[in-house]
Amino acid sequence: MGSKYTKRYTEEFKRDAIALVDSSGKTVTAVARELGISSESLRGWYRRAKADRGEGEPSELTSAEREELKRLRKEVREQQQTIEILKRATAFFVKENDR
């Protein structure tokens, strides 16, 4: 299980770490060990950077696509809530009109 406190890395640090993997010819694990970071973190950053460059797996989303998906899911949730409120309001007014 992970620690209670997660370390945050700057975007610049992540870019530099990814560039080091690309330029050094070393494995992600070796570079992570040298930098003193989790190999899983670096592997995730590296995979996401490759996807953003169009070098990832065909099914892998780019960062822009991830953000758009997140935005669209939020929009769908909000619309579903609006629809539910309108259904309840319609039922209320139909009931009131019948009295």
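**Close-up views of a predicted model**

**View 1. Packing of helix 3 in the predicted model.** The buried residues of helix 3 pack against helix 1 and helix 2. These buried residues are L42, W45, Y46, A49 and A51. An α-helix has 3.6 residues a turn, so residues three or four places apart point the same way.

**View 2. Length of helix 3 (residues 39-52).** At 1.5 Å a residue, a span of 20 Å is expected for the 14 residues of helix 3. The C-alpha atoms at the two ends of helix 3 lie 20 Å apart, which agrees with that expectation.

**View 3. Crossing of helix 1 (residues 11-24) and helix 2 (residues 28-35).** Two packed helices are described by the angle between their axes and the distance between the axes. Here the axes come within 10 Å and cross at roughly 130 degrees. Helix 1 is therefore oblique to helix 2. The crossing of helix 1 past helix 2 is right-handed.

**View 4. Residues in the contact of helix 1 with helix 2.** From helix 1, the residues F13, A17, L20, V21 and S24 take part. They meet V28, V31 and L35 of helix 2. By type, the residues of this contact are seven nonpolar, one polar and no charged.

**View 5. E60 in the loop between helix 3 and helix 4 (63-98).** E60 has a relative accessible area of 18%, and because buried means under 20%, E60 counts as buried. Neighbours within four places in sequence aside, E60 is in contact with R47, A51 and E65. Of these contacts, A51 is also one of the buried residues of helix 3.

Conventions: Residues are numbered from 1 along each chain as its sequence is written. This is a predicted model: local features need pLDDT of at least 70, side-chain atom pairs count only at pLDDT 80 or more; totals for chains, interfaces and linings use all residues. Side-chain values use heavy atoms; hydrogens and water are left out. Axes are lines fitted to C-alpha atoms, for helices over the stretch in contact, and angles run from 0 to 180 degrees between N-to-C directions. Helices (H or I, at least four residues) and strands (E, at least two) are DSSP runs, numbered from the N terminus. Angles under 35 degrees count as roughly parallel, over 145 as roughly antiparallel, 65 to 115 as roughly perpendicular and the rest as oblique. A crossing is left-handed if the near helix is turned anticlockwise from the far one by less than a right angle, and right-handed if clockwise. Contact means heavy atoms within 4.5 Å. Ala, Val, Leu, Ile, Met, Phe, Trp, Tyr, Cys and Pro count as nonpolar, Asp, Glu, Lys and Arg as charged, and the others, Gly among them, as polar. The expected span of a helix is 1.5 Å times one less than its number of residues. Buried means under 20% relative accessible area, exposed over 50%, partly exposed in between (1.4 Å probe, protein chains only).
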